[in-house]
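Subject: Handing over a structure

Hello,

Here is the structure I promised to pass on. Please open it first, then read my notes beside it.

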Amino acid sequence: MRSQHILRRVVIAWLAVVVTTAAASPRAPGTAAIASAHPRATAAGQEILDAGGNAFDAAVAVSAALAVAEPYSSGLGGGGFWLLHLAKSQRDVFVDAREVAPGAARPDMYLDANGGVRADATLDGPLAAGIPGHPAGLVHLARRYGRLPLARSLAPAIRLAEEGVPAHVRLTTGLRFRRAAAAKSPAFSAVFYPNGEIPAPGAVIRNPDLGRTLRSLAARGFDGFYRGETAAMLVDGVRSGGGIWTLADLAAYRVIERQPLRSRFREMTIVSAPLPSAGGIALANMFNMLAGYDLGKLDGVSRKHLLVEVMRRAYRDRALFLGDPAFSSPPVERLTSAYYAEGQRASIRLDRATPSAALPGAPSDAGQGSDTTHFSIIDRDGNRVAGTLSINTWYGAAFIPPGTGVILNNEMDDFTVKAGAANWFELVGGDANAIAPGKRMLSSMSPTFLESPRGVAIVGTPGGSRIITMVMLAALEWIDGADASRMVGLKRFHHQFLPDLVDYEEGALTKDEIAALEQRGHSLRLNQRSYGNMNVVTWDFATGKVEAATDPRGLVEGQIY
Ligand code: DON
């Protein structure tokens, strides 16, 4: 199956070479490409394109199919962002379907009597779950931008849920990891631990309840999930498991359309996520800082050192200033201005690391990978979608409200539950990201378009706090001429202000580079876990070539389909 998946992509790319040389208009590639984290999801998108759908219909199909085939990453019980490019009007739209805190949520809801954070309360079970946005996002995409009825685009996902998906390594690894939490959810266990066991690779996992919920969404749109029978089952299940959702919370959920955040670096325009994601702001800020250097003239170690210093400073501001703009007023204009970056540059030394504690506003240090998914699509008319969707960590809250088949997210962990306390991704934050009813938790998800006279790249990845720096490293490669497969295969490193560490994956730094960075004052940490699962589609204007590439890390871990 995997090889068919790759084959199809190769065929698509090959067709592109033939078809588009004549039609190499910057508006329409004349061919389509899809890169997603699961071959069944890619096939679902392809089916919908073949049925006459556009990139937005395909995005609905891929998103819904991922909810079934990659149940540990995203799903109807979660949320996400879809960045759209409308070829006809040359307009970019950001569809924000992020979860919101329930109406009964309180800033101190995860603290114990002594003010300490209650271990696992933000991660396991329904109290960890925000009100989902994913189903509303699907309805919104189909109704406002699609060509096909919602029910048609959901059909492949319904089939997958009812007929089943073979268990693969990523899926079973996640089940091992979530076993203890899942034991409290009989409905979850019934689907994912048949006979009380982790399924063998290749065993077919069926989720007929999820099929029914998808059918309800297909038939009744928003009301098929957020009102009526499905909503009642969701709320009953959540409340009996100790959660605080109400029917009113579900009925009040709304998708928000936002202006994407645009920034520039050299000849490249970066179109990325605005708040409540930190992605676009951090990318703009990092590229603005980098604009003051000639990266080509720096030796390898100095280049990496500089990238780390730039990451450190952007993540400091993430911690200090960012949160849902409906609840505070983060200084976005200032943070994304060239003037501000100039000031930050003044504190960067090329020969020495700046300790994070030495930067103004550093909170005290604190202690602690996971899942999410990204896909990229271009259609023959040049419509594009970059979608990053999540239920947060592996299998979200590891809880299914009985009768729904829907795995709840544990996205409440993305809020700052206590000033200075690190979340699952070791991120710290402040008041701007404190919990409040109806508020969207700050995200790092960064679906992104890169545009230059050379062409277009559609980029994104899971990886929690590391998402933004992964997108940044991929963008730097792209303007230096990299193709899609080099972008997804790139070795990665990361700094997020706190903990004050350069986190890197095997092969990202040579022994000599490690020694040289330590010499400059950096502490380094080898990350043993999978570093992202990037999906990229590129379109080269000169050759007309359209290329799709999936992260080899996903291939290694998910080789059995
Ligand atoms: O929105 C966020 O930033 C996180 N909930 C994303 C989680 C994630 O990427 C997990 N993947 N490894």
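Below is what I found, grouped by region.

A word on the source. This is a predicted model, where local features need pLDDT of at least 70, side-chain atom pairs count only at pLDDT 80 or more, and totals for chains, interfaces and linings use all residues. Residues are numbered from 1 along each chain as its sequence is written, and side-chain values use heavy atoms, with hydrogens and water left out.

**Strand β9 and its partners**

Start with β9, residues 373–378. Helices and strands here are DSSP runs, numbered from the N terminus (helices are H or I, at least four residues; strands are E, at least two). Is β9 enclosed or open? Six of its six residues are buried, so the rest of the structure largely encloses this strand. Buried means under 20% relative accessible area, exposed means over 50%, and partly exposed is in between (1.4 Å probe, protein chains only). Look at the two faces of β9. T373, F375 and I377 are buried on one side. H374, S376 and I378 are buried on the other.

Which strands pair with β9? Strands pair if DSSP finds at least two bridges between them. Strand β1 (residues 33–35) runs antiparallel to β9, with three bridges joining them. A35 faces S376 across this pairing. Strand β10 (residues 384–390) is also antiparallel to β9, over six bridges. There, I378 stands opposite R384. β9 and β10 make a hairpin with five residues between them. In its turn, G382 has a positive phi of about 95°.

R384 has another role to note. Its charged end sits over the ring of F449, 4.8 Å from the ring centre. The rule for a charge over a ring is that NZ of Lys or CZ of Arg lies within 6 Å of the ring centre and within 35 degrees of the ring normal.

**Strand β8 and its partners**

F449 leads to the next strand: in β11, F449 is the bridge partner of V271. V271 belongs to β8, on the face it shares with T269. M268, I270 and S272 are on the other side, and both faces are covered. Strand β8 (residues 268–272) has five of its five residues buried.

β8 has an antiparallel link to β11 (residues 448–452) through three bridges. Five bridges join β8 to β7 (residues 261–265), again antiparallel. In that pairing, R262 stands opposite V271. The hairpin of β7 and β8 has two residues between the strands, and R266 takes a positive phi near 50°.

**The ligand**

How many residues surround the ligand? There are 16, and the closest are T372, E411, D414, S443 and S444. A residue counts as near if one of its heavy atoms lies within 4 Å.

Now the polar contacts. These are pairs of N or O atoms within 3.5 Å; within protein, one must be able to donate a hydrogen and the other to accept it, and residues adjacent in sequence count only if both atoms are side-chain atoms. The side chain of D414 has an N or O atom 2.6 Å from a ligand nitrogen. For the side chain of N392, the distance to a ligand nitrogen is 2.8 Å. S444 uses a backbone N or O atom, 2.7 Å from a ligand oxygen.

**Rings**

The count is 14 aromatic pairs. Rings of Phe, Tyr and Trp (its six-membered ring) pair if their centres lie within 6.5 Å; planes under 30 degrees apart count as stacked, over 60 as edge-to-face and the rest as tilted. F177 and W394 form an edge-to-face pair, 5.3 Å centre to centre, with 65° between the planes. F177 is partly exposed at 39%, whereas W394 is buried at 8%. Y72, F188, F192, Y193 and Y395 form one aromatic cluster.

F321 lies in helix α14 (residues 300–321). F321 is partly exposed, at 21% relative accessibility. R334 lies over its face, 5.6 Å from the ring centre. Contact means heavy atoms within 4.5 Å. Beyond four places in sequence, F321 contacts several residues, including P330, P331 and Y340.

**A loop glycine**

G146 lies in the loop between α4 (134–145) and α5 (150–163). G146 is partly exposed, at 24%. N54 is 92 residues away in sequence, yet the C-alpha atoms of G146 and N54 are 6.5 Å apart. G146 also touches F56, D57 and L141.

Best wishes
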